[in-house]
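Thanks, everyone. I'll put the structure up, then go through a pocket and a few backbone features.

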Amino acid sequence: MEFETLVQSRRSVRGFRNEPVPRAVIEAIIESAKRAPSSMNTQPWHVHVLTGSPLEEVRRRNMEEMIGGAKVKRDIISHGEYQGVHRTRQVDVAKKLFGAMGIARDDKPMRQDWVLRGFRQFDAPVSLVLTYDRVLDPGAVCHFDLGALCYGIVLAAWDRGLGSVINGQGIMRSDIVREVAKIPEDEVIMTCVAMGYPDDGFAANTVRSDREHNQEFVRYVGFVD
């Protein structure tokens with residue numbers, strides 16, 4: 001698939017078929033994605049691929065802790081709640097998702113169920129937990145590198161018929177993820193990518209988030225045309 005077509009067609013998938021993903025396919029995805037740009041070729045990333053009973057334990061315990069009122073315990077610093085235009089964009093895509101799923105504004109049980117799906121990593125059969133070397137903190141460079149790897153993963157997955165959603169909710173309790181996946185303390189858990197074969201009958205999978213027009217965020221300097 002040509003790159004532009006690949007980027008334009010890719011979307012976040014929030015409903016997956018109950019079908020395992022072969023390890024060889026994931027290995028091929030990572031083999032492609034690791035060519036992502038890396039500052040000074042430092043390659044600060046690590047990928048921990050979970051499936052089966054370890055993933056089930058992570059999602060169960062993460063959901064139970066969050067339902068029980070436990071505080072978020074992520075390795076990275078959170079920005080807190082979004083405000084202003086960022087909050088507006090967040091709400092807009094939520095409205096689209098709830099509309100597609102037929103969840104009314106005052107339907108608290110269904111809205112809560114949607115939140116729980118996020119804590120369960122949308123019941124995807126595979127989760128790729130992305131970490132970076134703690135020795136590189138503080139600083140945004142390694143975060144940038146990990147973001148590039150992450151985007152490479154989701155594009156390479158889509159090219160192979162797999163859907164994905166970059167999912168911070170699924171690792172709200174990073175201590176649980178670290179324990180179950182045996183992730184070393186010298187790695188910082190940044191996010192995870194829930195992955196699997198898309199369920200074409202799941203309504204939310206048809207939702208595409210809006211993007212601002214280029215003139216809203218792009219400036220051209222020095223051009224004469």
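The largest pocket has a volume of about 2700 Å³. Keep in mind that this is a predicted model.

What lines this pocket? The lining of the largest pocket counts 50 residues. Nearest the centre are Arg14, Tyr82, Arg89, Gln90 and Val93. Four elements give two or more residues each: α1 (3-9), α4 (84-101), α5 (108-119) and β3 (163-166). Which gives the most? That is α4, with 15 residues. As for chemistry, the lining splits into 20 nonpolar, 14 polar and 16 charged residues.

Now the backbone. Where is the cis peptide bond? Look between Asp137 and Pro138. Omega there is about -5°. Pro138 sits in the loop that runs between β2 (126-133) and α6 (141-159).

Next, positive phi. Take Asn41. Its phi is about 60°, and Asn41 is not a glycine. You'll find Asn41 in the loop between α2 (23-33) and β1 (45-51). Is Asn41 buried or exposed? Asn41 is exposed, at a relative accessible area of 55%; the cut-off for exposed is over 50%.

Then Lys182. Here phi is near 55°, again positive in a residue other than glycine. Lys182 belongs to the loop between α7 (174-181) and β4 (187-196). Its relative accessible area is 68%, so Lys182 counts as exposed too.

To recap the positive-phi sites: Asn41 is in a loop and exposed. Lys182 is in a loop and exposed. And for the pocket, remember α4, which gives the most to the lining.

That's it from me.

Note on methods:
Residues numbered from 1 in each chain as written. Predicted model: local features only at pLDDT ≥ 70, side-chain atom pairs only at ≥ 80, totals over all residues. Heavy atoms only, no water. 1 Å grid on protein atoms, 1.4 Å probe; cavity = no way out; pocket = protein on both sides within 12 Å on 5 of 7 lines; lining within 4 Å. Points joined across faces, edges and corners; volume = space filled by probe spheres on them. Nonpolar A, V, L, I, M, F, W, Y, C, P; charged D, E, K, R; others polar. Buried < 20%, exposed > 50% of the residue type's maximum accessible area, 1.4 Å probe, protein only.
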